[in-house]
Amino acid sequence: WTRRPLRSARVPAPGPGRRGAMRQTAKGRLGRAQTAALPKDADTTPVARLSTTRRASDTDVLSESARCRVQDKIRVAFESFHADDNVAALPGKQRAHSVEDLVAVGAEALQAAEEAAQDVAQAIPFLPLTLIYGFSAVWLLLRLAIYAVLITPGLTAYIWAYFFDARIIRRVRYGPNRRNFLDVYLPPAAKLAQEGKADPLPVVVGVMGGAWVMGHRSWNTQLGLRLIDAEVILVAVDYRNFPIGQVPDMVEDVAVALKWVHANIALFGGDPSNVVLHSQSAGAHLSALLLLERSLMEAQGTLSSTYSLGSLKACILFSGPYDLEALQPHMESRGLKASLLRRLSVDGDLVGCSPFLLLESAEWKRGGAEAAAFLPPIYIFHGTADQAVPVWSSQRFARKLEETGVKGVTLDVRAGLTHTMPLIEAPLRGDCDMQLQVILPFLLGKEKAQERLASMPVRRRRLPEPVVRAAEYVMPY
């Protein structure tokens with residue numbers, strides 16, 4: 001592995017006048033946004049007008065210039081790990097010959113205790129930032145804590161399974177950086193596939209959300225256990241959170257994880273030619289940015305790798321924010337400071353870290369038609385009651401993809417669903433498997449997917465209905 005020359009994310013200590021300067025900068029940006037012309041595809045309702053405004057001065061040339069710093073860093077990251085693309089095919093000690101070898105490599109790479117201590121040490125400078133977000137942020141945090149208390153009894157079975165279920169291979173290292181670990185959820189049939197006695201199993205790569213700051217791969221446990229029932233392998237991926245990493249670091253981690261899956265999942269009994277990328281919230285943002293950047297590079301012929309993300313059966317995006325600039329007024333309207341979004345980006349460049357704005361750039365207009373050929377089918381899912389990321393985020397992104405020539409885009413808007421309902425509240429109720437209903441048709445075909453869903457064990461209710469309703473009421477997202 002080769003580390004690319006991307007500076008580590010830092011949270012600068014506010015010097016004299018710095019906080020005031022940041023406040024004036026934020027006010028200036030918000031003022032320009034409120035007086036700018038609306039995007040052509042924006043809704044005309046007052047809430048939508050506030051949420052979808054962007055600076056009218058952002059021409060294509062300026063957007064491309066602003067994006068180049070982030071793009072260069074992402075592309076250096078791509079080139080650094082693609083130089084290693086054939087490492088899995090090398091003979092001798094350089095190749096892992098079994099699942100046990102891969103697990104041993106991950107265990108020896110870095111001790112869990114050391115990494116946890118380093119994570120806490122680097123997160124300490126970030127903690128004071130939460131104090132400047134104001135009363136609204138504290139109130140939202142309190143509601144989130146009450147929500148966690150209410151749902152924890154229903155999650156105890158998943159917590160126990162994550163640490164003690166033998167079907168879950170935890171903490172497999174896939175890359176050289178901090179938090180570069182993944183978990184593999186193996187159905188019993190995977191053992192037969194490893195021995196060559198059965199066909200390889202379909203694979204789902206799960207990239208969780210967490211507002212770029214608090215996600216963990218264990219959040220995929222509920223989905224992983226349900227996919228085990230469906231005889232599908234899940235690879236749950238971790239990536240560097242802020243402040244350990246910024247958006248280019250996170251995109252790099254997701255890219256390296258996908259490369260690892262392509263090279264090694266056959267050792268676990270998985271089929272590398274039958275893979276779906278499934279991501280949610282912040283993970284959906286990172287996956288979308290990776291797909292678009294990678295497709296441009298493939299169209300330009302700047303990658304030496306033979307592996308293409310276009311070989312994925314689908315990329316499924318749940319409730320993602322795809323235009324970070326347009327999201328700022330929405331965050332401000334909920335009493336949250338938008339400065340976190342700028343800190344996530346290199347030099348505060350939100351343009352270079354927004355998939356929607358990449359589609360508006362001069363570079364995509366020049367090579368987007370060729371790049372679209374390297375994209376897999378894209379399925380975009382969102383709920384109309386989502387308060388964390390408004391539904392217009394997915395609607396605008398899907399519309400922009402189609403306008404720029406991308407084929408195979410599906411937009412699925414569900415009435416009344418919140419940000420977490422398909423992932424948490426619905427499973428706790430024992431309701432229908434919304435995620436599996438979306439995922440399985442891409443892996444098995446529609447008819448076989450229906451048969452598989454019908455043959456699966458009935459999901460049991462984990463919490464009484466009054467408790468779930470109370471959790472939904474206090475949930476701030």
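**Exercise 1. Find the bridge partner of Leu201 in S5, then place strand S3 among its neighbours.**

Step 1. Go to S5 in this predicted model. The bridge partner of Leu201 there is Gly270.

Step 2. Count the bridges between S3 and S5. There are six, and the two strands run parallel.

Step 3. Turn to strand S4, residues 233-237. Five bridges join S3 to S4, again with parallel strands. One partner pair is Val207 with Val237 in S4.

Step 4. Check the cover on S3, residues 201-207. Seven of its seven residues are buried, so the strand is mostly covered.

Step 5. Trace the connection. S3, helix H8 (residues 221-229) and S4 make a β-α-β unit, and the unit is right-handed.

**Exercise 2. Give the strand order of the sheet and state which strands stand at its edges.**

Step 1. List the strands across the sheet. The order is S1-S2-S4-S3-S5-S6-S7-S8. The sheet is open, has eight strands and shows mixed pairing.

Step 2. Look at the ends. Strand S1 (168-173) and strand S8 (409-414) stand at the edges. Each has a single partner strand, so one side of each lacks a neighbour in the sheet.

Step 3. Add the twist. From one strand to the next, the twist averages 20°.

**Exercise 3. Work out whether the length of helix H9 fits its residue count, and describe its setting.**

Step 1. Take the residues. H9 covers residues 247-264, which is 18 residues.

Step 2. Apply 1.5 Å a residue. The expected span takes one less than the number of residues. The helix should therefore span 26 Å.

Step 3. Compare with the model. The end C-alpha atoms of H9 are 26 Å apart, which agrees.

Step 4. Check burial, using under 20% relative accessible area as the cut-off. In H9, 16 of the 18 residues are buried, so the helix is largely enclosed by the rest of the structure.

Step 5. Find what H9 lies across. The strands are S1, strand S2 (181-185), S3, S4 and S5. H9 runs at about 165° to S3.

Step 6. Set H10 beside this picture. H10 packs on the sheet and touches S3, S5 and strand S6 (314-318). Its direction makes about 125° with that of S5.

**Exercise 4. Decide for Ala266 and Leu296 which class each falls in: buried, partly exposed or exposed.**

Step 1. Locate Ala266. It sits in the loop between H9 and strand S5 (270-280).

Step 2. Read its area. Ala266 has a relative accessible area of 46%. Partly exposed lies between under 20% and over 50%, so that is its class.

Step 3. Check a distant partner in sequence. Ala190 is 76 residues from Ala266 along the chain, and their C-alpha atoms are separated by 9.7 Å.

Step 4. Locate Leu296. It belongs to helix H10, residues 282-300.

Step 5. Read its area. Leu296 has a relative accessible area of 1%, so it is buried.

Step 6. Check its partner. Leu296 and Gly368 are 72 residues apart in sequence, yet their C-alpha atoms are 7.0 Å apart in space.

**Exercise 5. State how many helices and strands the protein has, and what share of its residues is buried.**

Step 1. Count the elements. There are 19 helices and eight strands.

Step 2. Take the burial. Of 477 residues, 54% count as buried.

Step 3. Take the surface. The accessible surface comes to about 20700 Å², and 58% of it belongs to carbon and sulfur atoms.

Definitions and conventions. Residues are numbered from 1 along each chain as its sequence is written. This is a predicted model: local features need pLDDT of at least 70, side-chain atom pairs count only at pLDDT 80 or more; totals for chains, interfaces and linings use all residues. Side-chain values use heavy atoms; hydrogens and water are left out. Helices (H or I, at least four residues) and strands (E, at least two) are DSSP runs, numbered from the N terminus. Buried means under 20% relative accessible area, exposed over 50%, partly exposed in between (1.4 Å probe, protein chains only). Accessible areas come from the Shrake-Rupley method with a 1.4 Å probe; for residues, only the protein chains shown count as cover. Two strands pair if DSSP finds at least two bridges between them. A crossover is right-handed if, with the strands pointing away from the viewer, the path from the first strand over the helix to the second runs clockwise. Axes are lines fitted to C-alpha atoms, for helices over the stretch in contact, and angles run from 0 to 180 degrees between N-to-C directions. Contact means heavy atoms within 4.5 Å.
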